[in-house]
Amino acid sequence: MAEIARTTFLFGVGFVPLTVVAGLVLAVALNSRTRLFIGLRAAYFLPVVISLAAWSIVWRLVLAPDGPLNALLQLVGQSPVAWLRNPALALEAIIGVQFLKTAGYSMVLFLAALQTVPSDLLEAAKVDGATRWQSFRAITLPLIAPFTLMVTILLTIASFKTFALIQLMTKGGPGQATTVLAYYIYQTGLQLFDMGYASAVAVVLFVAVLTLTVLQLAARRWWVFEGEGI
Amino acid sequence: MTSASARVTLIAMLVVGLVPVLLPLVWMISTSLKPEFDVFAYPPQIIPARLRPQNYADVFSQAPFARQYFSSLYLGFADVVGTAIVALLAGYALARLRFPGRGLVLPLLLSALLLPSEILIVPQYALFSNLGLIGTQVPLVLEPVFGAPAIVGTFLMRQFFLSLPRELEDAGRVDGLGGLGVFLRIALPLSGPALATLAIMTFLANWNAYLEPLVFTSGRPELITLPVALNEFTNFDGTPQYSLQMAATTLSILPVALVFLLAQRHIVAGIARSGLKG
């Protein structure tokens, strides 16, 4: 059980910051209304509307021992990698697959956040000679902080919900290397039918979700610019 | 670096970043058209050397795939209708009606959203099992219509009704409409765009749901929905039949991808809104 809590935690630690940062970077890069950029946004967002089951099944093929990713590696002279069968790599691989599925979602949330930054502030900074990076650091980032917090909470909760990915790609294995809490609940409660034990695990997961949410909301007090909020 | 070349660099980077997002989907379509024997051919064939479009026919003959597809469709519509009814009525009540405990209802409902469905699945299974509904499709309608998706919907509709000018409804009252009349004749007809967003979001969530159909139908082939069905194409030893899985997966993604291209703005706005304000 401690091992499974640790795996769940590691999954979140890998997945959430990566997806928050990538979403922010994509949103800033694509925050323009030209046709090309709207098309690029749509392409990045496409995996979000696809079912996680379909995404997992496609990626199970991509990461298969003789699959296309290893074939590409061999073409450039690298040796193939046992993505999902190596206990040291499987969790990272799963994180990567979940990340590619979710980055577009994070991007769209940040795009909405960027629209709330008043353009006259950015104009004024430009007139005062601020570089793009400076105005991003000093204006944009503090102003969208409440949204960043919300995105972090949403993605943290999403990371606790990881199920289809595990069920379809690794079944929690190899060993228990990718058994996260949500999958463990399913395994113990609905496959082994030890419902009491599964419910106890569920309570642990619930307390974790609740604590993180409360902590993050509390962090808002000193972390977030006190504007109108959301 | 001039700003034009910076722009070209940016676009190049953004296009390269798309490779791991889109190439797997290209590979999916490519594999769906190959004979199973060629799936792992080396060097990899992005354009199949031998075409086998019968994979798409086999998908329907080897499994009750048509039935599973139809299940996903009608369960989706049932959920849209049920969720819309709950969200419209509850959302309107929370936006406009005064009743004791009104201030408590919304925080209570929203705190229920903190409970991921993965946590609730075991007690829900026990509940539906006691009702004798495991191994049927009934829970797949009951759970979303009275669960988290309806709460998100209720919240969306409440926000929408709050944004409607009260004067419209007051005018209706002056003209002699009662509470129900105001709702049915004035508020409801104006809610079209919000309702469209809600319908698309609900349908999409339902089309993509995996855990609930897997658990509540007991995995019975004639009851499961598409996301669960995709994994059913296996050899006798349980290993995946990749070409058939990819054909089935392509068929399951197709309508979603089409609707996404057509209603992209609705979908993106809906997901951003229900995420950020939920």
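In the predicted model, helix α2 of chain A and helix α1 of chain B cross with left-handed geometry. The axes of α2(A) and α1(B), the latter spanning residues 3-32, come within 9 Å, and the crossing angle is roughly 25°. Because angles under 35 degrees count as roughly parallel, α2(A) and α1(B) are assigned to that class. On the side of α2(A), the contact is formed by A:L40, A:A43, A:Y44 and A:P47, and these meet B:L14, B:L18, B:V21 and B:L22 of α1(B). By class, this contact of α2(A) with α1(B) consists of eight nonpolar residues, with no polar and no charged residues.

A second helix pair between the two chains is formed by α10(A) and helix α5 of chain B, residues 117-130. Here the axes lie 8 Å apart and the packing angle is about 15°. The pair α10(A) and α5(B) is therefore also described as roughly parallel. In this case, however, the crossing of α10(A) past α5(B) is right-handed. The residues A:A182, A:I185, A:Y186, A:G189 and A:L190 of α10(A) are in contact with B:E118, B:I121, B:V122 and B:Y125 of α5(B). The contact of α10(A) with α5(B) comprises seven nonpolar residues, one polar residue and one charged residue.

Across the whole interface, 55 residues of chain A contact 50 residues of chain B. On the side of chain A, two or more residues each are contributed by α2 (35-49), α3 (52-62), α4 (68-75), α5 (90-114), α8 (145-160), α9 (164-169), α10 (181-191) and α11 (195-223). The residues on this side divide into 48 nonpolar, five polar and two charged.

Chain A itself contains eleven helices and zero strands, and its order along the sequence is accordingly written α-α-α-α-α-α-α-α-α-α-α. Its C-alpha atoms occupy a box of roughly 65 × 50 × 25 Å along the principal axes. Of the 230 residues in chain A, 43% are buried. Among contacts in chain A with a sequence separation of 6 or more, 70% join residues 24 or more positions apart.

Helix α4(A), one of the elements at the interface with chain B, includes the buried residues A:P68, A:L69 and A:N70. The buried residues of α4(A) pack against α3 of chain A and also against α1 of chain B. Just after α4(A), A:G77 adopts a positive phi of about 85°.

The largest nonpolar core comprises 128 residues. The members touching the most other members are A:I94, A:V108, A:L181, A:A182, A:I185, A:L205 and B:M157. The greatest contribution to this core comes from α5(A), with 15 residues. Two of these highly connected members, A:A182 and A:I185, also take part in the contact of α10(A) with α5(B).

The chain B member of that group, B:M157, touches B:A87, B:L88, B:G91, B:Y92, B:A194 and B:L198 when residues up to four places away in sequence are not counted. One of these partners, B:A87, is placed in helix α3 of chain B, residues 65-96. With 28 other C-beta atoms within 10 Å, B:A87 is buried, because the criterion for burial is 20 or more such atoms. Under the four-place exclusion, B:A87 touches B:A150, B:G153, B:T154, B:L156, B:M157 and B:L198. Thus B:L198 is listed among the contacts of B:A87 and among those of B:M157. By contrast, B:A87 and B:I46, which are 41 residues apart in sequence, are separated by 46 Å in space, C-alpha to C-alpha.

Within chain B, helix α8 (residues 166-174) packs on helix α9 (residues 179-190) at an angle of about 135°, with the axes 10 Å apart. The arrangement of α8(B) relative to α9(B) is therefore oblique. The crossing of α8(B) past α9(B) is right-handed. Helix α8(B) supplies B:L168, B:E169, B:G172 and B:R173 to the contact, whereas α9(B) supplies B:G181, B:V182, B:R185, B:I186 and B:A187. The residues of this contact of α8(B) with α9(B) divide into four nonpolar, two polar and three charged.

Terms used: Residues numbered from 1 in each chain as written. Chains lettered and ligands numbered in written order. Predicted model: local features only at pLDDT ≥ 70, side-chain atom pairs only at ≥ 80, totals over all residues. Helix = DSSP H or I, 4+ residues; strand = E, 2+ residues; numbered from the N terminus. Buried ≥ 20, exposed ≤ 12 C-beta atoms within 10 Å, placed from the backbone. Contact = placed C-beta atoms within 7 Å. Axes fitted to C-alpha atoms, helices over the stretch in contact; angles between N-to-C directions. Parallel < 35°, antiparallel > 145°, perpendicular 65-115°, else oblique. Left-handed = near helix turned anticlockwise from the far one by under 90°. Nonpolar A, V, L, I, M, F, W, Y, C, P; charged D, E, K, R; others polar. Core = buried A, V, L, I, M, F, W, Y, C linked by C-beta atoms within 7 Å.
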